[in-house]
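Dear colleague,

I am handing over the structure below, which you have not worked with before. Please look through it first, and then read on for what was found in it.

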Amino acid sequence: TFTPTDGTDYNTATMTVRLGVNAASATFTIAPTLFTYNGAAQGPAITPSPSSATFGTGGTASATTAGSYSVSATANGTYTGTSGATSWTIAKATPVISWGTPGAITYGTALSATQLNATANVPGTFAYTPAAGTVLNAGTQTLSVTFTPTDGSDYNSATATVSLVVNPKAVSFTVTPVSFTYDGLAQGPTITPSPAGATFGTTGTPTATAAGSYTVTATANGNYTGTSGSTPWTISRATPAGTLTWATPAAITYGTALSGTQLNASSTLPGSFVYTPAAGAVLNAGTQTLSVTFTPTDATDYTSATATVSLVVNPEPVTFTVTPVSFPYNG
C-alpha cells in the first residue's frame, strides 16, 4: 500500500508479490542418555538450536522402569530438522547394603543372626558365606553376603563384606603324674587339655629315659590360647635291690676265713660289691650276719642297694690231753 506525499494529485496505490519464507533449520542436542533407576520418570533433555525452535517428539521421551529406549525430535512450525532416533538407557540401580562390623566372638561360637544381620534399602533376600551355623577358625575372618532384590527388573544383585574377629578359646592343662621311677624306658607326664579337643605344643622335656629332674610346658595353638606354665617332673633313680641275688651260704667252722664261697652276691646290673665283714675275716661261732652294699656302674639311674644273709659258724671241735695224772705231795 503506497500513500503518495501529494495526496491532492495522487491516489493511494497497492500491489502484491509472493515471497517464499523457508522454514529455519533446527538441530537438536539430546543428553544425557544414561540414567540410573530411581523410581521416578526420567529421560534425556532435548535442546533445539536455535533455542526458540518448536518441535515434537517420537519414541519414548521419558520412562520410569529400567530399560533401553529411543527418542527422536522433529522440528515443526517455522522450523525444520530432526535429531533422528537417539538411544538412551535407564540402568538398573544397585541396592545399598548396610552391614555393621560385628563384635568379636570366641572360637567355637557358631555364626548366627547376631553376625549375619545385613539390611538393604529395598526388599530382597540375603545369602551369606559362610552360612549360619558355621564355626570359624580363630583369626580375622571375612563374611560376605549376596543380596538379590525382589525387583530384579530395576535393581542389580549386590554384595558386601565385613571382617569378623574370632578370638582363640581359652584352654587349661592338667600335667600329671610328675613322679616316675627309672625303668629304662621313655617316661613323661600326660598333658590333658580342657576342652579335650584343644591343640597345643610343648617345650622343655615332655619325655625322658634317664633319671633326673625335668620341666615341660604346654602352650595352646591354632584356635586355642593358654599355657600350663613350666611344670617340673622327675624320674627318680631305681633301687637295684630286686636285681641282687645272694643265697644263704653253707655253715662253716670257726677258724674258716670268709671268702668268695660266702661272699658271692650277684646282680643283673654291672657294678661293684663291698662286703661287711670283708673277705679274710674269721667270725666267732654262732649265727652271724653278712651284709653287702652294691653300687651300680650306672649311678645316674640307680641308687646303691644292700642285702644281708645269715651265716652259721660252728664251734671248732677240741680234744684234750690230761697228763701227768700222778704227783707226790710237795706242800
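One open sheet has four strands in the order S17-S22-S20-S19, with mixed pairing; here strands are DSSP runs (E, at least two residues; helices are H or I, at least four) numbered from the N terminus, and two of them pair if DSSP finds at least two bridges between them. Strand S17 (179–181) and strand S19 (200–204) stand at the edges with a single partner strand each, so one side of each is left without a neighbour in the sheet. From one strand to the next the twist averages 30°, where axes are lines fitted to C-alpha atoms (for helices over the stretch in contact) and angles run from 0 to 180 degrees between N-to-C directions. Within this sheet, strand S20 (residues 212–220) and strand S22 (residues 231–236) run antiparallel and are joined by five bridges, and Ser 213 has Thr 234 in S22 as its bridge partner.

Before going further, please note that this is a predicted model, in which local features need pLDDT of at least 70 and side-chain atom pairs count only at pLDDT 80 or more, whereas totals for chains, interfaces and linings use all residues. Residues are numbered from 1 along each chain as its sequence is written, and side-chain values use heavy atoms, with hydrogens and water left out.

A second open sheet of four strands has the order S3-S8-S6-S5, again with mixed pairing. Its edge strands are strand S3 (34–36) and S5, each of which pairs on one side only, and neighbouring strands are turned by 30° against each other on average, direction ignored. Strand S6 (residues 67–75) and strand S8 (residues 86–91) run antiparallel with five bridges between them, and Gly 67 stands opposite Ile 90 in S8.

Five bridges also join strand S16 (residues 172–176) to S18, the two running antiparallel, with Thr 174 opposite Thr 192 in S18. Along strand S18 (residues 190–194) the side chains alternate, so that Ile 191 and Pro 193 point to one face and are buried, while Thr 190, Thr 192 and Ser 194 point to the other and are not; buried means under 20% relative accessible area, exposed over 50%, and partly exposed in between (1.4 Å probe, protein chains only).

Turning to the aromatic rings, the count comes to 15 aromatic pairs, where rings of Phe, Tyr and Trp (its six-membered ring) pair if their centres lie within 6.5 Å, and planes under 30 degrees apart count as stacked, over 60 as edge-to-face and the rest as tilted. One of them is the edge-to-face pair of Phe 28 and Phe 55, at 5.3 Å centre to centre and with 75° between the planes. Phe 28 lies in strand S2 (residues 27–31) and Phe 55 in strand S5 (residues 55–59), so the pair ties together parts that are 27 residues apart in sequence. Phe 28 counts as buried at 14% relative accessibility, whereas Phe 55, at 28%, counts as partly exposed. Tyr 107 and Tyr 224 also form an edge-to-face pair, at 5.4 Å centre to centre and 75° between the planes. Tyr 107 lies in the loop between strand S10 (105–106) and strand S11 (119–120) and Tyr 224 in strand S21 (residues 224–225), so this pair ties together parts that are 117 residues apart in sequence. Finally, Trp 99, Phe 126, Tyr 128 and Phe 147 form one aromatic cluster.

With best wishes
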